[in-house]
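Thank you all for making time this morning. I would like to walk you through one chain, moving from a few unusual spots in the backbone to the helices and then to some single residues.

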Amino acid sequence: MTARLSLYEKAEHELYKLDRSVKGKFYDFCHRFRQNPDHPGLDLKPLKGDGRVFRAKIDQSYRALLAKAGVDEHGQERWLVVAVRHRKHVYEELSVAINRVTGEIEFVDLSVVGQSVLQRAGVTLTPVDPAPDAEPQQQAPTQEVHESVAVEPAAPLLSGITGEELRSLGVAAQLIGLALAVTESGELDQLVSGAPLLTKDILYGLAAGMSIDEVRREITTPVEVELADTEHDDLGAALARTTVTTIDDDLRVVLEEGDFRAWKVFLHPAQAKLVNRRYNGPARVSGGPGTGKTIVALHRVKHLAQQLPPGHNKPILLTTFTTNLTVDLRARLSSLLEPDLVARVEITNIDKLAARVLNENSLSGTGKQRIYDSVAIGILQRLLFELDEKRWEPEFLYEEWEQVILGQSLGNRKAYFDARRAGRGRSVSRPERAQIWKILEQFTARLDKENRETWGQAAERAARFEMERAAKIKARQDRKDEVGGRDLIHRDDSSGMRYIAHRYQHVVVDEAQDLRPAHWKMLRAMVAPGPDDMFIAGDTYQRIYDQQVTLGTVGVNIRGRSSRLTLSYRTTKEILARAMQVVDAKGNAPAYDDLDDGTDTLAGYRSVLRGPVPELAPCDTWDDELTQLATTLHAWREELTSGDGGNNPRRDPRGNIAVCVADRDSVNQVMYYLATEAGVTVAELTKDGIKGDGEVHVGTMHRFKGLEYQKLAIVGARDGVIPRTAVIDRYRESDPQRYAREERKARSLLFVAATRARDTLRISWHGAPSPYIPDSERRTRGSVMNQVWISPKE
């Protein structure tokens, strides 16, 4: 009988870490197993501890551990590979079970649990296949003890919690006793390193101080399913609910990408519920760095694409603010979907989408040159100089125009007089509004004369075109309803409306906090209101562009359809804790908006990963900082390329190491030094993606939005640059609210940059450090050269 093989998510992670030759043997093993699982050479045998777990030979040294999950509709046996291990790490105590909360298959491996915890819980592991030349273990000689010393036993880490409570929350049954025996965080880290995801989330949440009720509400309930009585022990039914990878020839390519790829596409059960839910209107998911907002958005696209009827159109839009993030989204979606379904998705950044709308609605040759904000502010500054106008700064006027006048599509002075200016800080009187309107009229006239427009203007015009289109569609539908649903062929022929329709059935937005109000109006008009129309992912703590939007005011109602992710699966606990201090310097974070009339907070954000504490490196000069950076990059490169043959395999540094700087000039200086003086190949992060094929990516903090690297160095993090005091200090007295907003934006920029690191983060500066770096006032060049970033609680 032939077999159908699937790969458990944890087994996939183990395969990433194995030597290439072992991976090759695993592919051969899978081919043989699918052809005939009973082949004598595979030596398939059940374990004594759990008869549902089998071990089979990959070669003389490695074993595949499998669970049998019944027979499919074609008569093929269904098997799940739950682990790939060296034979000396295979024990009889390995087991599989069905989680009573999620209904998923869980693989429990006690061999990764700390020895102290196992001894305390009275557990002894039995090797399945000991090495033939292993020395028999001898009992240690007894010693005569003349006096006994009473040792106070350490208190359990989860004191006050019962086994029944852990069971009801969804902790794997085999790990409950061990969890209650843990006495310190290091032991807990060992325990959960091989634990199922739900167990890991629950135990870390409880250890972090969450109550039983909080854990049940935030972790257990979102992933809970109802199981029929017959499903509690049905591995076949559980397999359908478990995240697995089908083992086929395409798996070879996937595994060779390394485990950094895995978390980018892996879907946690709590996230899966958000992805597969049917919403009655626009839905929003928020969450801190690494909590999987983008992953959820991508899987939402996959879910929607798989429901489409056959066709060749593109009824799904996936959009975001920056071009380079769009490139990343396209690559990641391609790893999730078949090419024919990827082709049904429009993947573009929001400004390009607006430009396309304008091109479709403009006569040939009449398009305007679009300019960036910095250019437009320069034009406004020259206008103020010519008018000898000193009452207003060009930046304030430009933002007033962008956020109030364009943001609310105000077409005349009266509308501006009546407009709300929420979030603008400085108040302006009616006479001042008259002055502002007059100046901005001259400014827009000059742009028009030069045949130029800003991207904000382009977005506002595109929104108006789409809103007019949506109004025509609604008028046609209203007329059709009025005549009893009959076709309007004659009316359509005369009006040219016969084939007009909304552009998309579904719109999915990533990094939603950066879009302009006009962008939202355009998107709202592009899709018909109704079930599953819009899916929005964003985090206002990562807002690095000054766009303040309340979704309800632009026609996007998310009330009752908002969810929040709190567990980070990318950034380590150490990096996340310190990065959170950047936006919450005094332990009392200011209220950030939630893209609607509510507020968002960092409360409850936590990580399931552990790693080294971020390193702070004060330097004497810029040259000294570059020299130290080069030394660090060479060490990181050696670490990745050499590996250790075990948990840290050899890796290609390309795409895994990056250098982040504050401004464009520093990018050029860093790239030049590394390439010419340090022998490090570099590639630049540009607005259009990665330019070059170097090992180390270099870019400004803005360019790192939405990207991730294993090892990240932030250089030039000094006072005066982060934040740019020359820019924001002028608001300190004249406009305190504006000053606070600019400070918040600068903090968010450093927060975003720091959380692009997955495993290792290093921050350096010369001169005085940025005041946003926690405890920076104590970090001077005269202290220890390479310091770690210690929080006050540690």
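Let me begin with a question: where is proline 723 found? Proline 723 sits in the loop that runs between β26 (709–714) and α27 (725–728), and the peptide bond joining isoleucine 722 to proline 723 is cis, with omega at about 0°. For context, most peptide bonds are trans, and most residues other than glycine have a negative phi. Please keep in mind throughout that what you see is a predicted model, and that everything I quote was computed from it.

Staying with the backbone for a moment, there are two residues whose phi deserves a look. Aspartate 43, which lies in the loop between α2 (20–35) and β2 (45–46), has a phi near 50°, a positive value in a residue that is not glycine. Asparagine 451, in the loop between α20 (430–449) and β13 (452–454), is likewise not a glycine and has a positive phi of about 55°. Asparagine 451 counts as partly exposed, because its relative accessibility is 37%.

Now let me step back to the whole chain. There are 794 residues, and buried residues make up 54% of them, while the secondary structure comes to 29 helices and 28 strands. If we take the contacts in the chain with a separation of 6 or more, residues 24 or more positions apart account for 75% of them.

With that many helices on the screen, I have picked out two pairs and one single helix. Two packed helices are described by the angle between their axes and by the distance between those axes.

In the first pair I chose, helix α6 (residues 185–193) packs with helix α7 (residues 197–207) at an angle of about 165°, and their axes are 10 Å apart. That angle makes α6 roughly antiparallel to α7, and the crossing of α6 and α7 is left-handed. As for the residues that meet, α6 contributes Leu188, Asp189, Leu191 and Val192, and on the side of α7 we find Lys200, Leu203, Tyr204 and Ala207.

In the other pair, helix α18 (residues 394–406) and α20 pack at an angle of about 85°, with 11 Å between their axes, and α18 and α20 are therefore roughly perpendicular to each other. The residues of α18 that take part are Phe396, Leu397, Tyr398, Glu400, Trp401 and Ile405, and among those they meet in α20 are Ile436, Trp437, Leu440 and Phe443.

Just past α18 comes a residue I would like you to find, leucine 410, in the loop between α18 and α19 (413–418). Is leucine 410 buried or exposed? Leucine 410 counts as buried, because its relative accessibility is 13%. Leaving aside residues up to four places away in sequence, leucine 410 touches Val404, Ile405, Ala415, Tyr416, Ala419 and Trp437. Two of those names, Ile405 in α18 and Trp437 in α20, we have just heard in the packing of that pair.

The single helix is α13 (residues 293–306), whose 14 residues should span 20 Å at 1.5 Å a residue, and its end C-alpha atoms are indeed 20 Å apart, so the two values agree. Helix α13 is mostly covered, with 12 of its 14 residues buried, and the buried ones include Lys293, His299, Arg300 and His303 as well as Ile295, Val296 and Leu298.

Let me finish with three polar or charged residues, starting with aspartate 59, in the loop between β3 (53–57) and β4 (62–71). Aspartate 59 counts as buried because its relative accessibility is 17%. What does its side chain reach at 2.8 Å? The side chain of aspartate 59 reaches the backbone nitrogen of serine 61 at that distance, and it also reaches the backbone nitrogen of tyrosine 62, at 2.6 Å.

Lysine 23 has its place in helix α2 and, at 9% relative accessibility, counts as buried. From lysine 23 to isoleucine 58 there are 35 residues in sequence, and the two are 9.8 Å apart in space, C-alpha to C-alpha.

Last comes glutamine 628, in helix α25 (residues 622–642), which at 12% relative accessibility counts as buried. The side chain of glutamine 628 makes a polar contact with the side chain of arginine 762, at 3.2 Å.

Methods:
Residues are numbered from 1 along each chain as its sequence is written. This is a predicted model: local features need pLDDT of at least 70, side-chain atom pairs count only at pLDDT 80 or more; totals for chains, interfaces and linings use all residues. Side-chain values use heavy atoms; hydrogens and water are left out. Helices (H or I, at least four residues) and strands (E, at least two) are DSSP runs, numbered from the N terminus. Buried means under 20% relative accessible area, exposed over 50%, partly exposed in between (1.4 Å probe, protein chains only). A polar contact is a pair of N or O atoms within 3.5 Å; within protein, one must be able to donate a hydrogen and the other to accept it, and residues adjacent in sequence count only if both atoms are side-chain atoms. The expected span of a helix is 1.5 Å times one less than its number of residues. Axes are lines fitted to C-alpha atoms, for helices over the stretch in contact, and angles run from 0 to 180 degrees between N-to-C directions. Angles under 35 degrees count as roughly parallel, over 145 as roughly antiparallel, 65 to 115 as roughly perpendicular and the rest as oblique. A crossing is left-handed if the near helix is turned anticlockwise from the far one by less than a right angle, and right-handed if clockwise. Contact means heavy atoms within 4.5 Å.
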